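Please look over the sequence and the model below before reading on. The report then takes up the chain as a whole and afterwards a single residue.

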Amino acid sequence: MEFYGTIGPACAQPETLRQMVEAGMTGIRMNLSHGSLAEHADWLSLIRAAGIRELLIDLQGPELRTGRLAQPLTLPEGGTLRLGRGGVGCPPALAAACRPGQQLLLDDGRLLVQVTDAAPDALTCTVLRGGVLQSRKSIAAPGLTVPSPTLTEEDLQNLKIAKQCGVTGVMLPFVRGAEDIRTLRRALQDAGADGIRIFAKIENLTGVQALPELLPLVDEVVIARGDLGNAMPLWELPRCQKQLSAACRAAGVPFMVVTQMLDSMCSRAVPTRAEVSDIYNAVLDGAASVMLTGETAAGQYPVQAMEYLVRTARTALN
């Protein structure tokens, strides 16, 4: 079984990565929504020095994100947020597609806003669920189709150097159908990197519905519960996860479970009972790999989080 962390400021030190490997980590993810492969040469060196054999890059793909901020932005409930021209950056296609009344979930649903005025290049929103907005956070627009290319120009540049950087797997966000996978496969072939594995992230209802056509084309399916949990009422997410797991098992395709597996350990040294049960059940359902994201990238206890992930999963396997 594979155990992945995510590299970020909290763990990008030689000793921390060494301890995570000793705890059982077999691979690491690099989120390229926050910087390119070329910009993270220092992290690549650390990964190689730590002897980490699996490096997954998470592309930008057709996902929606806010722009970069000079500093975190506090959004009080009832306040106003402007997205687009003159405000917080957002994809132009989102501003063009939204209409008044559309709700937008930011940062994996931690914040919720509703569009009150929509111009072609900017959205004025009322904050329904407030909090602190950081740079480059996810945007989900339930029920809205926003036209986006499979791969951004930045993705293509990253794929060109992926093989020489030691990348072993590519995670494609918000997969919508077989053509997205074929597009990525062609880009890898053009880059001379067709041996790199493809991980299809299921993050919305379109991806859920397309799963049967994806299974013959991918190396691994990723049940990415962050945005998937924005696409449906949260109480329906466990059933969806179980259905996706069963479909992958039946097809003999490996799958990964990810997002908030040990979220409380971003700020606590010990996880909740619910979190360890979540990991245990994902393994019993047949997961080939499990991954930590913010817990290791930005959390206060990256080594301890990896220890709990690995020990809980191995207990389920025995």
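What follows describes the overall build of the chain and then the surroundings of Leu128.

This is a predicted model, in which local features need pLDDT of at least 70 and side-chain atom pairs count only at pLDDT 80 or more, while totals for chains, interfaces and linings use all residues. Residues are numbered from 1 along each chain as its sequence is written, and side-chain values use heavy atoms, with hydrogens and water left out.

The chain has 11 helices and 15 strands, where helices (H or I, at least four residues) and strands (E, at least two) are DSSP runs numbered from the N terminus. Its radius of gyration, taken over C-alpha atoms, is 19 Å, close to the 20 Å that the globule rule gives for 318 residues, so the chain is as compact as a globular protein of that length. That rule is 2.2 Å times the number of residues to the power 0.38.

| Property of the chain | Value |
|---|---|
| C-alpha trace along its principal axes | about 55 × 45 × 40 Å |
| Buried residues (under 20% relative accessible area) | 53% of the 318 residues |
| Contacts (heavy atoms within 4.5 Å) joining residues at least 24 apart, among those between residues at least 6 apart in sequence | 72% |

Leu128 lies in strand β8, which covers residues 122-129. With a relative accessible area of 34%, Leu128 is partly exposed, a class that lies between buried and exposed (over 50%), as judged with a 1.4 Å probe and protein chains only. Leaving aside residues up to four places away in sequence, Leu128 touches Glu77, Gln103, Leu112, Val113 and Gln114. Of these partners, Gln103 is 25 residues from Leu128 in sequence, and the two are 9.2 Å apart in space, C-alpha to C-alpha.
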